[in-house]
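Please explain how the structural terms used for this model follow from their definitions. Each answer should set the value beside the criterion.

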Amino acid sequence: MQKAPFLPDFSPIGGENFHRSQICGYSNNVRRLFEDKPGIGGEPLPGQTLKISSNVHPEASGSGPPSWIAFDKQVLCFDAYFEEEVPEKHQELYRIRHCKIYFFLEDDTIQVTEPVVKDSGINQGTILRRGLVPLPPPNEDQFYTMYDFNINTEITIYGRKYKIIDCDLYTKNFLRKIGIRLNPPASRPDDPYTTERQKRYLESTNPFHPYERFDTLKQFLEFDGQVLGFSCVWNDPESKLPDPRELVLRYYLSDDTIDIREILPPNSGRDVVPFFLKRDKLPKNAPTAPYHPGTITDYTLLNVLAKPGRNKSYYIRDVLQTGAVRQEFYKDSDLKIGAVINVWGRQILLCDCDEFTKEHYRKKYGIVDFTPIEYKTPPPPKPEKIIPPYNGFGSEEDSLNSCKSVVIQTPHKDYRQFLVKDRYGMDSFILRYAAKLITDIAVDKDRKFIISYFLSDDTISVFEYAERNSGIAGGKFLERSRIKKPGQELFKSEPSEYYQAQDLFVGARLCFHGHNFLLVDADEYTFNYMEKNANEFPMADICAVFNKLKSMTESHGKEIRKAFAVTDPEHTNVIGYDTFRNWIVSVAAGGFSEHEIMTLGRHYGIRDNSQTDLLLLLSMAQEKLKKNAFENFEQLMTVFLYNDREKCGLLPNETCRIIFKSFKLPLPDDLLETLLARFEDNQKQVDYKKFVHALNWRENQVRAFVEEKEQPKREDIWNQLPRSPPVTGIRYPPLLDDLFGKEE
């Protein structure tokens, strides 16, 4: 015997042995609208029994949730039917009406509904509204419960018998859990009158004379909008031109129709018509002229029993289709590359098709060869355009455009390069180099120049620094313009070559209009830009430079290690930059440029950053914060602590910068980035506690002072450019480990 599952307690709170409905009108712990007391004044009459509660669930220990909470929105659904007598009609004696019985577990109410059948002529819908249903006599004082329902059983509701034939899956599982053994489902009977009526309807709709149905709706719905496209040609025998006429054939899969359009070349002399062939089904064996009207019809009618003198005639349909003209039309299976189709006497060759057509034939017919047929004669080679040489008037671009068209147009400029590499914010996109003249004249050897290369339009300008008592006026030495490379012919047809950004690097020799320059240095922005864009500047590509050095020193590892050890007798692991440069020059034997040596030195070197005072930067930052009345340091520290999940006091540089931006810190971007770089470690982690404490001008005010330093000489700042921080030394152990591996 199955154990009944746990069900909520329906007994009143307190554990009384009687139900509330017997004394105060409660049902499943829910107050009823009226009190149902037996007899008169609650006293039963002679022979009358007390009304038993609808609750038949076993009492559980303790208090549980009421049923209207435990079984809220839980309904048992049964499929049933009942027979209804029809005494007023002799065509049917009874009807079978199918319905659904719903049992609501929250209050044991029942509802019966009948699905609506179209054109039934019967009022359908709700048969019994939701409510408590009493059992049939003699137990009319009790109500139906969930234990009274089962499959393949009959129940009586207000005198009408319902046969339960099945239920849904939830109902089956629920009944099994409460211990009810389910019967096998019963078959669903059909209404005899409905079956007979449907049979008569089908017989009445069948025609006495069968006819052919032309149903193309399915094909239209499946292939609507799908068109096969072919490129084809027609050799017109009446045409005096040697080239064939180009056509485009389209096959519509929705109704198997074809239309053809002609592609007319320019200046062909033919009239432009909408269609070469109007959209219609194309017969395979079509005559040169179309059939007469009435020759091709869907049906053939025979004139029979016709008497002269009478207007009325009798016709009968020819089922055998005697004398009918049968036509075969082109289908998609008949169209393929290389096929010749007959278009009303014109032989058209299919030469190519589009991608959709190839995919259609590949899926439906398994065709994989779609090699097109060449039908066009190859065009004659275009005559080579001879460009006259440059005559010296105007620029080369202007002279070249005057030879391309009658209407002279201005030379095309690369506006994309101008927009991408024009000055934006702190990025100037200007590469500045320090240069000197290569000459034997003693006066010109000491002249110093600044060469600026503008990446936005590939122009170059040269300025000269004016030294006192030199006898040479400084200032603009060369106007900003594009400069041609030397050694090119002046009056020629080919365009000249100009200096590009890759031609300028430290150590390069340049010739500007007969003046030879040697680039000796560059500013920090130039070095950084070239290293960030190493794919454009091979001299600043540390990987390429390192591989070049490794290939030269691969077989001399021990000798090089001994040489560096001798150079560093105190074992500081650092050598001077000049010593490192001399070693590179001796090893490479002139194979390294000065810029490549500086790239290695910047990568492995120790840079002196002492020229920027941290206290001066902090005093500038506190001054700006004080002027803008920024005092949200406690909130700032709270946000930093919230983002520090590991509680280590360190956060990435980018995270700190985003937090400061969210507080709208009134500091310039360059000053903020410089301060963050001073407080970060080797892993790019910033000590935010020290940083916020250093910025707090209320608790840690830094006195703004400027240390008096000796004014530098004019020759030390002749270029007026921010020089790159000097490399004071080279850490050679990492360099040797990268070249020859770690020493055992």
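Q: Where does helix 12 end, and what is the sign of phi in the residue that follows helix 12?
A: Helix 12 is followed by Ala589, whose phi is positive, near 55°. Helices here are DSSP runs of H or I with at least four residues, and strands are runs of E with at least two, numbered from the N terminus. The model is predicted: local features need pLDDT of at least 70 and side-chain atom pairs pLDDT 80 or more, while totals for chains, interfaces and linings use all residues. Residues are numbered from 1 along each chain as its sequence is written, and side-chain values use heavy atoms, with hydrogens and water left out.

Q: How do you know that the length of helix 12 agrees with the expected span?
A: The expected span is 1.5 Å times one less than the number of residues. For the 12 residues of helix 12 (577–588) this gives 16 Å, and the end C-alpha atoms are 16 Å apart, so the two agree.

Q: What makes residues of helix 12 buried, and which are they?
A: Buried means under 20% relative accessible area, exposed over 50%, and partly exposed in between, with a 1.4 Å probe and protein chains only. Tyr577, Phe580, Trp583, Ile584 and Ala588 are the buried residues of helix 12. They cover an arc of only 125° around the axis, and are therefore on the same side of helix 12; the arc is taken from the directions from the helix axis to the C-beta atoms. An α-helix has 3.6 residues a turn, so residues three or four places apart point the same way.

Q: Which exposed residues does the opposite face of helix 12 carry, and what covers the buried residues?
A: The face turned away from the buried side carries the exposed residues Asp578 and Ser586. The cover of the buried residues includes helix 10 (542–553), helix 11 (557–567), helix 13 (594–604) and helix 19 (732–740). Contact means heavy atoms within 4.5 Å.

Q: Why are strand 6 and strand 7 called edge strands?
A: Two strands pair if DSSP finds at least two bridges between them. Six strands form an open antiparallel sheet in the order 6-5-4-3-8-7. Strand 6 (125–131) and strand 7 (153–157) each pair on one side only, and are the edge strands.

Q: How do you know that strand 7 and strand 8 pair?
A: Strand 7 and strand 8 (160–167) share five bridges in the antiparallel sense, and at least two are required. Ile157 has Arg160 in strand 8 as its bridge partner.
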